[in-house]
Structure formats: structure tokens, C-alpha cells
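Biologist: I should like to go through this structure with you before I return to the bench. Could we begin with the charged pairs?

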Amino acid sequence: MIRFTEFKKEKVRYSVQGKGRTIVLLHGFLESLEIFEELSTSLSKSFRVITIDLPGHGQTSTVGYMHSMELMAQCVKKVMDSLHLRKYVIAGHSMGGYVVLAFAELFPQHVSGLCLFHSTAMPDSEERKKERERIIEIVKQDHKKFVSELIPKLFAAENISILREEVNIAKQIALDTPTEGIVAALLGMKVRPSRELVLKNARCPVLFIIGKKDVILAWENLLLLTSLPKISYNIVLEHAGHMGFYEAPVETFKALRRFSRMCFEA
Ligand code: MLT
């Protein structure tokens, strides 16, 4: 069920599906809660699943010129408080994972388990920061061109023709993202700090979902992070790029279900 609340006096859209212990799914850059349609429906047979349009994405308003990962985490907290939910597993895809780590740093008492889904605790390299600036200029000129070229690269080459419908859905969601939301997220990602310590100090279990063919975040680098948390699990999706929920939907769903059950039993 789609619902709305407010954050900084602006609109936030989220959805609630299913009953039981709660899993929160946070989408990535240029995405919206629709990206998790299949995954959240599958998980909602066993859990209450909350998906949220992060600021400047989907139907949630842009609230500033820059959306830091902390600001996005505060928006997530606002939604969870409005539902009176206190403990949950929280999973984030890529930029959503950066928000998960900011959330775990700010509100550790609410987290039963963390999942970094094609995501990292490392900050942007100097090169990546420069690239963000370049992309901001491109997006301001013509965000459609940037989006149309970027989205197919998120999928492993071997999956693009098989998953044509999913590529088009992802493209359409990205095209619907407002320019000011895109720029605010790029600036926020650029200034995010390292959150390796959040992983190191996590008291809850951490799950890493990694795509072997991810061209955004190399799987070898992500695998190095899996040794940081005290309780750490990982799954490497052999045939996935950056979009595991589309490219390996069953493995992804089963990994998250198993992990969440284990977190709630702990
Ligand atoms: C994402 O998919 O959310 C982004 O690629 C993350 C990033 O640009 O660092």
C-alpha cells in the first residue's frame, strides 16, 4: 500500500506490504521504490516490507541543493517513526547502501541487521569526485542522454537482451527522476565519508550482496570489506552486474530472507 508522510515539510512517498518483522529496502541513485516491486512482493510473504522513495527520487520531494547520506537517513527515520516501528533489518542498493550505513551510524539501536546490496563503506576516490562534478554538468545540460547511456551499463552485458523489459523499467524510473534530485544526490555521494568503522563496530549481522560483473563497484574491492564486521555474510552473484534484484532475483530474495530470519532470531 502506497502512503505519504512529510520530511522537512515536503512530501515523502513510501510503501508498506505484508505483516511480521520489518525489512526496509532503500533504492539506489536514479531509482525509486518501484525498482523493488518483485523483491518486496516476494519478501512480504514472510515480513512487513517498507520501501521508500529517497529525497529527490520517485515521488519524494527534493529538500535541498545537496542531499547528504545523513539527510536521506533522517528521512528514512521519519518514515519509520511515523509507523511506530523500532527494530528492523535495513538493506540498501548502492546509494541506498550508503544511506543504510549513515542510518546505522546515527540510529544503531534500531538496526537488527544491515545489508549492503552492491554497495560499499568506502568514500569516493579523488578521481570519482571529479567524475561526479563532470556528471553534474552533463545532467544539467541533458539528463535524458546521460540516463539512457548509463542504465544499460548497470546490467551484465549477457543480461541486457534477456532483461530488456527490466532495463526499460529502470530507464523509465531514471528518466522520471528530477534533475535537481539527481544533482543533490551526486553532491551528497561525493562528500560521504568512509564508513568502514560502522561495519567494524556493527553489533548486528551484516550481509553483502555482490555482483561479479558489476562495473560500478568491483567485486574484489567489495569482498575485502566482508572481513570488517564481526558477524558477516556474503553472496557473490556470478552472473549479475549492479542490478542483482533483476539479474538474480531468486538468489537475492533467498539470501535476504535467510539473513533476515537469522537477524530476527538472534
Ligand atoms: C547507485 O547505483 O546508487 C550509484 O551508482 C552509486 C554511486 O554512484 O556511487
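Modeller: Certainly. By the rule applied here, the count comes to 14 salt bridges. Please keep in mind that this is a predicted model.

Biologist: Which residue forms a salt bridge with Arg132, and how far apart are the closest N and O atoms?

Modeller: The partner of Arg132 is Asp124, and their closest N and O atoms are 2.7 Å apart.

Biologist: Are Arg132 and Asp124 buried or exposed?

Modeller: Arg132 is buried, and Asp124 is buried as well.

Biologist: And what does Lys190 pair with?

Modeller: Lys190 forms a salt bridge with Glu133, with 2.2 Å between the closest N and O atoms. Because Lys190 belongs to helix α6 and Glu133 to helix α4, this pair ties together parts that are 57 residues apart in sequence. Glu133 is partly exposed, its relative accessible area being 33%.

Biologist: Which helix holds Glu137 and Lys140, and how many residues apart are they?

Modeller: Both lie in helix α4, 3 residues apart, which is about one turn of the helix. Their side chains meet in a salt bridge at 4.0 Å, N to O. An α-helix has 3.6 residues a turn, so residues three or four places apart point the same way.

Biologist: How exposed is Lys140? And Glu137?

Modeller: Lys140 is exposed, with a relative accessible area of 51%. Glu137 is partly exposed, at 42%. The cut-off for "exposed" is over 50%.

Biologist: Which residues are linked in a network of salt bridges?

Modeller: Arg13, Glu34 and Asp53 are linked in such a network.

Biologist: Let us turn to the ligand. Which residues are around it?

Modeller: The residues around the ligand are Gly28, Phe29, Ser94, Met95, Tyr98, Arg128, Arg132, Met189, Ile216 and His242.

Biologist: So Arg132 appears again. How far is its side chain from an oxygen atom of the ligand?

Modeller: An N or O atom in the side chain of Arg132 is 2.8 Å from a ligand oxygen. For Tyr98, the distance from a side-chain N or O atom to an oxygen atom of the ligand is 2.5 Å. Ser94 also has a polar side-chain atom 2.9 Å from an oxygen atom of the ligand.

Biologist: How much of the ligand does the protein bury?

Modeller: Taken alone, the ligand exposes 270 Å², and the protein buries 94% of that.

Biologist: Tyr98 is in α3, I see. How many residues of that helix are buried?

Modeller: Of the 12 residues of α3, 10 are buried, so the helix is largely enclosed by the rest of the structure. The buried residues include Met95 and Tyr98, both of which are also around the ligand.

Biologist: What covers those buried residues?

Modeller: The cover for the buried residues of α3 includes the strands β3 (22–26), β5 (88–93) and β6 (111–117), together with the helices α2 (69–82), α6 (179–190) and α7 (196–201).

Biologist: And how far does α3 reach from its first C-alpha to its last?

Modeller: Helix α3, residues 95–106, reaches 17 Å, close to the 16 Å expected at 1.5 Å a residue.

Biologist: Back to α4, then. Where is His143, and what does it touch?

Modeller: His143 sits in helix α4, which covers residues 126–153. Not counting residues up to four places away in sequence, His143 touches Ile138, Ala174, Leu175, Thr177, Thr179 and Ile182. A polar atom of the His143 side chain lies 3.3 Å from the backbone oxygen of Thr177. His143 counts as buried, at 13% relative accessibility.

Biologist: Is Ile151 buried or exposed?

Modeller: Ile151, which is also in helix α4, counts as buried at 3% relative accessibility. Leaving aside neighbours within four places in sequence, Ile151 is in contact with Val167, Ala170, Lys171 and Ala174.

Biologist: One last topic, the backbone. What is the phi of Lys9?

Modeller: Lys9 has a positive phi of about 65°, although it is not a glycine. Lys9 is found in the loop between β1 (2–7) and β2 (10–17), and it counts as exposed at 74% relative accessibility.

Biologist: And what about the phi of His84?

Modeller: His84 has a positive phi of about 60°, and it is not a glycine either. His84 is found in the loop between α2 and β5 and counts as exposed, at 68% relative accessibility.

Definitions and conventions:
Residues numbered from 1 in each chain as written. Predicted model: local features only at pLDDT ≥ 70, side-chain atom pairs only at ≥ 80, totals over all residues. Heavy atoms only, no water. Helix = DSSP H or I, 4+ residues; strand = E, 2+ residues; numbered from the N terminus. Buried < 20%, exposed > 50% of the residue type's maximum accessible area, 1.4 Å probe, protein only. Polar contact = N/O pair within 3.5 Å; in protein donor to acceptor, adjacent residues only side chain to side chain. Contact = heavy atoms within 4.5 Å. Expected span 1.5 Å × (residues − 1). Near = heavy atom within 4 Å. Areas by Shrake-Rupley, 256 points an atom, 1.4 Å probe, with all protein chains shown as cover.
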